Amino acid sequence: MERYFQTIPDIGKLFIEEVLFEFDKEPIVFVCRNDKKNRYLCLCTDSIESYSWMVAPISTDTLIELLLDKIAILQAFRQSPDEVYILDKSGDKINIRKYKFKD
């Protein structure tokens, strides 16, 4: 698996497991795993002026519902049992913030 994100606090390094949607060979919606084999749903929210992503833990059940088109991507993030991470890339630096989804 290809490493996509360096170390994220409380998560670790993330490796792409599966790209669900890409545009111009850039992953837009994709699933990553960390060293502990936990899955994270990742959504590229900006790839024009800079790069930014939403990253949240995703359960196997929620991932299956998403893949079967029973729920939307937004609902998958809403069902996350943990906080949502916002990653903003500026040059070689990535700024990481955590939020509760409702916030």
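**Exercise 1.** Work out which pattern of helices and strands the chain follows along the sequence.

*Solution.* Start with the terms: helices are DSSP runs of H or I with at least four residues, strands are E runs of at least two, and both are numbered from the N terminus. Next, count them: the chain has two helices and seven strands. Read in order, they give β-β-β-β-β-α-α-β-β. Bear in mind that this is a predicted model, where local features need pLDDT of at least 70, side-chain atom pairs count only at pLDDT 80 or more, and totals for chains, interfaces and linings use all residues. Residues are numbered from 1 along each chain as its sequence is written, and side-chain values use heavy atoms, with hydrogens and water left out.

**Exercise 2.** Find how much of the chain is buried.

*Solution.* Set the cut-offs: buried is under 20% relative accessible area, exposed is over 50%, and partly exposed lies in between (1.4 Å probe, protein chains only). Apply them, and 37% of the 103 residues count as buried. For the overall extent, the C-alpha trace spans about 35 × 30 × 30 Å along its principal axes.

**Exercise 3.** Place isoleucine 71 and decide whether it is buried or exposed.

*Solution.* First, locate isoleucine 71: this residue sits in the loop between α1 (60-67) and α2 (73-78). Then check accessibility: isoleucine 71 comes out at 13% relative accessibility, so it counts as buried. Finally, list the contacts (heavy atoms within 4.5 Å). Skipping neighbours within four places in sequence, isoleucine 71 touches Thr62, Glu65, Leu66, Ala76 and Gln79.
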